[in-house]
Structures are given as structure tokens and as C-alpha cells.
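Visitor: I'd like to go through this one by asking how each label is earned. Can you take me through the reasoning?

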Amino acid sequence: MQQLSPGGVSYGDWEHGTWNIQPWHQGESLYDLWQPHRAEGASSEPDLGEALSCAEAVAALHATGWAHGDVQPAHLIISPEGTALIDLALARGGDIPAAYDFGYRGCLVHYEGPEISRSVLETGTATPTMAADVYALGASLFISATGLRHVAYPDDASRKAQRQAIVDGPHRPVNVPGVLGKLIEAMLSPEPADRPTSAEVCKELSSGH
């Protein structure tokens, strides 16, 4: 048995292949917690403290040298104790034995950055990065606050069509009010180098909180 230290994830193999187990965290997902902001007639700005706790969870992983590769609202579990970033099955950063190191073929497309979608379309695989995690966090905050995917495409679109829409852009207008909306706009920059780091996202949310 091996252990992936950033998240306390253990992994190994058995007669049917490989396995991994991760701690269980009580709480609500970001999407569920922000449901009131998506209600008809809702106009309040989502809680910056809750957004900050999500950014801090991503930044804490990045500080260890790991990229998550699958940031989405369902993987941000918020409780009074803070926010847990779960599901590290696609994480990259440290040494992983070859037997457990699988090609990264993207994640839930709604949260892929254009560079990830483009690479998957062109080569079938991509490389998870911290900049792509920031994009995914921005897309997660956007959909949780508005109920809209950051890029418009039909619900029944194929994954290839979804990825092409993300590559072609642009993303939907960010109509989230206040500090959070401006920050999401920066996080969804099509150029990875133009996005804030996760630490910078935390700093911005802290100053506006």
C-alpha cells in the first residue's frame, strides 16, 4: 500500500487492478450550499468567506507541489470546520509508481480550461496544472452562483463538441456581483499565464471579505 500525502489518499492493487481510498468528509458541496443564490429573484452576492475557504483548499494542495486535475463543485465540501478538496484520483505532482500512473484524459468538461480541452482534442491526453485548477475553480464558483456553465453548449452535446466550444470560447459574461465576479473573470482567462495563482485568489478574497 502507498500513500499520497497531500490528501491522505492510500492506493494499491488487487486481483482486479488498482484501487485508491480517500477520507470521508461531512459537509455540503459548493453547488448545494449556494443553491439559494440561483433561486428566481435572488440577487445577493455569494459569501466571500465560503469562496475563500474553497480557494484556500486548492491553494493548500498547490503549496505541496501538486495539481488536483479535477476541481469541480462536488469536490469542494464545506463544513463549519472549513473546506475539504476531495477526489485526488487525477492529481499530479509527486512521484507516482508507473503501475498507478495513468494518462490524464481531462476531467468533467464543464470545468476544463481551454488548454486542457485543446490538448485532449489534439492528442487524447493533457497535463494537469495549477493554472488549470484555478480556471476550474473559477468555473466552479460561476456555475454554483448562477447555475450556468461557463461556456454555452447543448446539454446533449458530445464531449468532443463540449471541448471544442471551450477551445473556441468565449466564456459567458460573468454576471456575479462584486469582488467575486471580477475575480472569476480573471480566473477564466483563456491564457494560463494571465490567471491569478490560487494564492493570489486567496489574497484577493481575503481583502474583499
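Visitor: Why is the pairing of Arg149 and Asp155 called a salt bridge?

Guide: This is a predicted model, and in it the side chains of Arg149 and Asp155 come to 3.1 Å, N to O. The cut-off is 4 Å between a side-chain nitrogen of Lys or Arg and a carboxyl oxygen of Asp or Glu, so the pair qualifies.

Visitor: Is Arg149 buried or exposed, and what about Asp155?

Guide: Arg149 has 16% relative accessibility, and buried means under 20%, so Arg149 is buried. Asp155 has a relative accessible area of 70%; exposed means over 50%, so Asp155 is exposed.

Visitor: How many salt bridges does the rule give?

Guide: The count is three. Another one joins Glu112 to Arg163, with the closest N and O atoms 2.8 Å apart, which falls within 4 Å.

Visitor: What makes Glu112 and Arg163 a tie between parts of the chain?

Guide: Glu112 sits in the loop between strand 6 and helix 3, while Arg163 belongs to helix 5, so the pair links parts 51 residues apart in sequence. Both Glu112 and Arg163 are buried.

Visitor: Which residue does Glu115 pair with?

Guide: Glu115 forms a salt bridge with Arg195, and the closest N and O atoms are 2.8 Å apart. Glu115 is in helix 3 and Arg195 in the loop between helix 6 and helix 7, so this pair ties together parts 80 residues apart in sequence.

Visitor: How do you know that Arg195 is buried?

Guide: Arg195 has a relative accessible area of 5%, and the label needs under 20%, so it fits.

Visitor: How do you know that the buried residues of helix 5 line one face?

Guide: Gln162, Arg163, Ala165 and Ile166 are the ones buried there. Looking down the axis of helix 5, its buried residues fall within an arc of 155°, so they line one face. On the other side, Lys160 and Asp168 are exposed. Helix 3 is among the parts covering the buried residues of helix 5.

Visitor: Why is the bond from Gly169 to Pro170 worth a look?

Guide: Most peptide bonds are trans, so a cis one stands out. The bond from Gly169 to Pro170 is cis, with omega near -5°. Pro170 is in the loop between helix 5 and helix 6, and Gly169, just after helix 5, has a positive phi of about 55°.

Visitor: And what makes Asp87 stand out?

Guide: Asp87 is not a glycine, yet its phi is positive, about 60°. Most residues other than glycine have a negative phi. Asp87 lies in the loop between strand 6 and helix 3.

How values were computed:
Residues are numbered from 1 along each chain as its sequence is written. Side-chain values use heavy atoms; hydrogens and water are left out. Helices (H or I, at least four residues) and strands (E, at least two) are DSSP runs, numbered from the N terminus. Buried means under 20% relative accessible area, exposed over 50%, partly exposed in between (1.4 Å probe, protein chains only). The arc is that of the directions from the helix axis to the C-beta atoms. Contact means heavy atoms within 4.5 Å.
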